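Let's take a walk through one part of this protein together. Have the sequence and the structure ready, and follow along as we go.

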Amino acid sequence: MKTHFIAIGGSAMHNLAIALKDKGYKVTGSDDAIFEPSKSRLEKKGILPQEMGWFPEKITSDIDAVILGMHAHQDNPELAKAKELGLKIYSYPEFLYEQSKNKTRVVIAGSHGKTTITSMILHVLNFHQKDVDFMVGAQLEGFDCMVKLTQDNDFMVLEGDEYLSSPIDLRSKFLLYQPNIALMSGIAWDHINVFKTFDDYIEQFRKFVASITPGGVLVYNEEDQEVVKVVENAENYFRKIPYKTPEYEINNGKVYLKTEMGDVPLSVFGAHNLLNMEGARHICQQLGIMDEDFYEAIMSFKGASKRLEKVEREDKGTLYKDFAHAPSKVKAAVKAFKEQFKNEKKYGFLELHTYSSLNPAFLEQYDHAMDGLDEAIVFYSEDALKIKRMEPISPEFIKEKFKNENLRVFTNADDLHAYWNTLDKTDGVYLMMSSGNFGGLDLTK
């Protein structure tokens, strides 16, 4: 089968391209910019475009599938040529469904926690050498590529994202998967540039639940009231399995899960991670993994990339980075950090980086998000606001919305870096929350 990727360099797209190459497909692609690690990984597989840009002449009538990434625009010249030739054009999730339509599809959805839960499930399955197809949005230890597609595996585990499928398919990605087994971890308004109201956002999850195949299974977080309402109001037939935060305790900085089989020591911390773990356990049960085997495997799970991930520093200081940027994720990460490090001085840094997080109407969602930290710092770039054509935001406005008068607010990367350099990183513990990089801050030094 011959496939061509429009915008092959994306974090998700390049993994799919590599998976198809490994499956024996002929793979080509284009992009106007490709960064690491995508560049090296595509080059290693021999599918890195020789030059950057869009080339309609690459689109030929013998291509079986054109896969369109979100990075491309509707007026992309390669897309126009594919339409002219009448080629089959797939979005990323649409093609994944095509590859898994004869398998049992397990889809992990939710505003937060879905990457970690999917990673936990794959870690346990990999530990016990249970082979499945999969797609997950973060790099996981022990896996070379985060998409796997085979002819023979019976199951496919998919991280279900509620964002748009492609520039020409404005459905939420997870609506294309039609899960046999699903999980919903939580609902907290996100992607406000696309979903203008909270109800519009919730509607995507209503549709997701409605897309579960007849007689399927939904594992859901019963501690999230929005999730509970969606599940209770669903009209289609499926089996409902609720889960909640399990009992645990912290002894000498180590988290122990309380189970019928005794205390299970863990390598991660935070109540939200324990809640994620419980959801993963129920999904693994559906895949034939007994609880005893689940606990044996989960002890060695160290977390998904950038999810409360410890950074090895030259000075041996204690620093964790987290992809948290949405309000619910920030609050969960801060809560976990405060619980884990009760006796240390706690520094929390948050970069407001996304369109949503810089929207004045959305900033109210961050109320009290940084409370309880000894030093709380928020950074956003005034230049980024200009690039996004957004109105200026004052530091006083940020403090007001966070409801935290002691907040330090930086709007210039140089000022933030100067402050960072004054801190003794071996004095206290540091939580760095961002989907960006704090203006190029090196967290290892």
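Two terms will help on this tour: a residue is called buried when its relative accessible area is under 20%, and contact means heavy atoms within 4.5 Å. Keep in mind, too, that you are looking at a predicted model.

Start with strand β15, which covers residues 254–259. The strand shows two faces: V255, L257 and T259 sit on the covered one, while K254, Y256 and K258 belong to the uncovered one.

Now look at the neighbours of β15. Strand β14, residues 248–251, runs antiparallel to β15, and four bridges join the two. Here N251 stands opposite K254. The two strands make a hairpin with two residues between them. In that turn you will find N252, whose phi is positive, at about 50°.

Moving on along the chain, strand β16 (residues 262–265) also pairs with β15 in the antiparallel sense, over four bridges. One pair to look for is K258 of β15 with its bridge partner D263 in β16. β15 and β16 again form a hairpin, with two residues between them.

Next, turn to helix α9, residues 291–298. Which of its residues are buried? They are F294, Y295, A297 and I298. Seen down the axis of α9, these buried residues fall within an arc of 165°, so they line one face of the helix. A general rule helps here: an α-helix has 3.6 residues a turn, so residues three or four places apart point the same way.

And what do the buried residues of α9 pack against? Their partners are the strands β15 and β16, which you have just met, together with the helices α5 (114–127) and α8 (271–286).

Definitions and conventions. Residues numbered from 1 in each chain as written. Predicted model: local features only at pLDDT ≥ 70, side-chain atom pairs only at ≥ 80, totals over all residues. Heavy atoms only, no water. Buried < 20%, exposed > 50% of the residue type's maximum accessible area, 1.4 Å probe, protein only. Pairing = 2+ DSSP bridges. Arc of directions from axis to C-beta.
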